Amino acid sequence: MYQWTQPAFEASLVQEEPNRFWSLYGAAKAAKRAGNGQSAKTYFQKLLAMSPHPDHPERPQLAEARQQATP
């Protein structure tokens, strides 16, 4: 079911919304749900890299990214 969502989010990152928080988070979640752990980890790492000093560090999406981006 989730196999088609990862390419859709990846396309939005390249074509429409590069380096946007919700596009990166969506790509990470889609990759994770599709069983592509390495891609998910990469997207979560990119999400954290673009948010080094977030206004709300307790955001659930950032907490999940911190958890998923570590080895």
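**Figure 1. The helices of the protein.** This predicted model shows a protein with 4 helices and 0 strands. Follow the chain from the N terminus and you will meet its elements in the order α-α-α-α.

**Figure 2. The protein inside and out.** How many residues does the protein have, and what share of them count as buried? There are 71 residues, and 35% count as buried. The area that the protein exposes is about 4600 Å², and 54% of that area is supplied by carbon and sulfur atoms. Now think about contacts between residues with a separation of 6 or more: in this protein, 48% of them join residues 24 or more positions apart.

**Figure 3. Helix 2 beside helix 3.** Two packed helices are described by the angle between their axes and by the distance between those axes. Here, helix 2 covers residues 21-33 and helix 3 covers residues 37-49. Their axes come within 7 Å and cross at roughly 160°. Angles over 145 degrees count as roughly antiparallel, so helix 2 is roughly antiparallel to helix 3. The crossing of helix 2 past helix 3 is left-handed.

**Figure 4. Where helix 2 and helix 3 meet.** Which residues should you look for in this contact? From helix 2 come Phe21, Leu24, Tyr25, Ala27, Ala28, Lys29, Ala31 and Lys32. In helix 3, their partners are Ser39, Ala40, Tyr43, Phe44, Lys46 and Leu47. Sorted by class, this contact of helix 2 with helix 3 has 10 nonpolar, 1 polar and 3 charged residues.

Notes: Residues numbered from 1 in each chain as written. Predicted model: local features only at pLDDT ≥ 70, side-chain atom pairs only at ≥ 80, totals over all residues. Heavy atoms only, no water. Axes fitted to C-alpha atoms, helices over the stretch in contact; angles between N-to-C directions. Helix = DSSP H or I, 4+ residues; strand = E, 2+ residues; numbered from the N terminus. Parallel < 35°, antiparallel > 145°, perpendicular 65-115°, else oblique. Left-handed = near helix turned anticlockwise from the far one by under 90°. Contact = heavy atoms within 4.5 Å. Nonpolar A, V, L, I, M, F, W, Y, C, P; charged D, E, K, R; others polar. Buried < 20%, exposed > 50% of the residue type's maximum accessible area, 1.4 Å probe, protein only. Areas by Shrake-Rupley, 256 points an atom, 1.4 Å probe, with all protein chains shown as cover.
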